[in-house]
Amino acid sequence: MAVDLLLGLQWGDEGKGKIVDVLTSKYNIIARFQGGPNAGHTLVFNGKKHVLHTIPSGIFHDKATNLVGNGVVIDPVIFKKELDKLAEQDVDYKKSLLISRKAHIILPTHRLLDAASEASKGKAKIGSTLKGIGPTYMDKTGRNGLRVGDLELDNWKEKYRALANKHESMIDFYNVDIQYDLKELETEFFAAVKVLKSLKFIDSEEYIYQAQKSGQSILAEGAQGSLLDIDFGTYPFVTSSNTTAAGACTGLGVAPNQIGEVFGIFKAYTTRVGSGPFPTELFDADGEMMAKVGQEFGATTGRARRCGWLDLVALKYACQVNGVTQLMMMKADVLSGFKTLKVATAYKYKGETITHLPFNIEPENIEPIYSDFKGWTADLTEMSEASTLPKELNDYIDFLEKELELPITIVSVGPDRKQTIFR
Ligand code: GDP
Ligand code: IMO
Ligand code: MG
């Protein structure tokens with residue numbers, strides 16, 4: 001059976017966690033394929049909010065198996081905290097959670113290196129979540145990393161020590177003021193590794209292959225968004241993994257011809273957290289209203305998210321590089337009450353009008369060209385049928401479907417599982 005993918009088409013926080021949770025009942029296996037605790041995936045059901053960082057968003061469903069794939073980077077300390085929260089909710093994760101032996105481990109010194117690198121960049125900083133993501137993927141591609149499977153070897157602590165020592169000299173090299181007590185961090189780390197080791201480690205590419213062969217349905221869950229992709233995002237203001245569809249192949253060991261549906265998730269407007277260009281960003285009352293109504297604060301860092309209009313140029317690009325087959329539009333409810341909505345349909349770039357995403361989208365190069373849409377006033381949050389959606393929203397949806405040449409099959413009208421309209 002083909003593996004379906006679900007991924008973010010903007011700069012992350014599109015609502016991936018919510019939709020994975022909504023779709024999980026249709027799948028046997030939910031598998032995270034990249035990223036790590038820089039992600040914050042929010043699920044709301046039965047009046048309670050849950051935020052997951054590394055653990056797949058299918059974990060609250062009894063029948064689903066949840067796999068942390070080889071492309072993911074795991075911080076045992078954060079992972080343990082996630083497990084503790086699940087235990088409080090009586091989630092039997094020991095039964096349903098599997099970890100790839102080939103996933104890489106985030107060391108305490110990776111986090112320190114992240115902080116040192118950002119501090120050394122000053123104003124040019126990436127705005128990283130400081131979870132050690134960049135340094136860990138650097139060690140992976142540099143062929144120095146510590147993997148989950150290494151933790152099963154007798155000498156893993158020697159490997160750990162050699163790597164941590166190297167990191168310490170690298171931190172010194174940055175010559176910035178970073179205060180830390182490594183002994184304390186290591187005590188916490190080693191205790192958390194012990195907990196991690198109580199879970200089931202597997203050869204995940206073989207597991208996925210056999211699962212597929214025996215007809216099990218698999219949904220691959222992405223983290224971050226396409227514009228944060230290391231190759232196709234707004235480099236260098238990106239994360240350090242392939243967040244696009246190809247990342248699911250390398251992050252799980254799924255062959256390209258085994259990919260089925262590609263669900264592309266986007267907000268009805270745009271947000272970004274951290275530094276980097278954002279052509280449709282708003283600095284006015286409209287932007288403030290999106291932030292306030294949409295409660296746009298990061299699920300991992302609590303930072304305020306920057307807000308702006310929907311950018312169709314960027315969205316088209318994301319649909320293209322991912323091979324999206326279905327779209328899901330999130331947070332439509334947040335746009336209720338806007339008199340006029342704007343959508344960027346082209347850019348003015350070096351005196352020309354273009355409709356593709358160019359190499360450089362820094363504000364001095366780009367001026368978005370907008371189409372206007374009439375807004376609606378109805379509150380959408382209680383709606384459950386597509387037939388009840390206001391005409392102006394349907395016009396907005398029709399326009400996007402036509403421009404993107406893809407169907408919008410879900411419209412989300414609130415954070416709760418139940419606030420999901422299927423079309
Ligand atoms: P993810 O990283 O893609 O899983 O998204 P986040 O969880 O970081 O951010 C999405 C935020 O929007 C969370 O607070 C969700 O609870 C919330 N959310 C998701 N869908 C909707 C929606 O349709 N309407 C509203 N108002 N909030 C939503
Ligand atoms: P989810 O899965 C939004 C952003 C950071 C920063 C850049 C690099 O919840 O959508 P990193 O920590 O990877 O070195 O940060 O990427 N970023 C995210 N923004 N949602 C995320 O994940 C993000 N993960 C990283 O803000 O700009
Ligand atoms: Mg998030």
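## The ten-stranded sheet

In this predicted model, ten strands (DSSP runs of E, at least two residues, numbered from the N terminus) form an open sheet with mixed pairing, in the order S9-S7-S5-S2-S10-S1-S11-S15-S19-S20; two strands count as paired if DSSP finds at least two bridges between them. Strand S9 (200-202) and strand S20 (420-422) stand at the edges with a single partner strand each, so one side of each has no neighbour in the sheet. Neighbouring strands are turned against each other by 25° on average, direction ignored, with axes taken as lines fitted to C-alpha atoms.

Strand S19 (residues 408-412) runs antiparallel to S20 and is joined to it by three bridges, and Ser412 has Thr420 of S20 as its bridge partner. Helix H1 (residues 16-23) packs on the sheet and touches, among others, strand S1 (3-8), strand S10 (218-225), S19 and S20, contact meaning heavy atoms within 4.5 Å.

## The surroundings of ligand 2

Ligand 2 is surrounded by 20 residues, of which Asp13, Lys16, His41, Thr129 and Thr239 are the closest, a residue being counted if one of its heavy atoms lies within 4 Å. An oxygen atom of ligand 2 lies 2.8 Å from a backbone N or O atom of Asp13, while polar side-chain atoms lie 2.7 Å from a ligand oxygen in the case of His41 and 3.1 Å in the case of Ser128. Taken alone, ligand 2 exposes 550 Å², of which the protein buries 97%, by the Shrake-Rupley method with a 1.4 Å probe.

## Basis of the values

Residues are numbered from 1 along each chain as its sequence is written, while chains are lettered from A and ligands numbered from 1 in the order in which they are written. Local features need pLDDT of at least 70 and side-chain atom pairs count only at pLDDT 80 or more, whereas totals for chains, interfaces and linings use all residues, and side-chain values use heavy atoms, with hydrogens and water left out.

Key:
Polar contact = N/O pair within 3.5 Å; in protein donor to acceptor, adjacent residues only side chain to side chain. Helix = DSSP H or I, 4+ residues; strand = E, 2+ residues; numbered from the N terminus. Axes fitted to C-alpha atoms, helices over the stretch in contact; angles between N-to-C directions.
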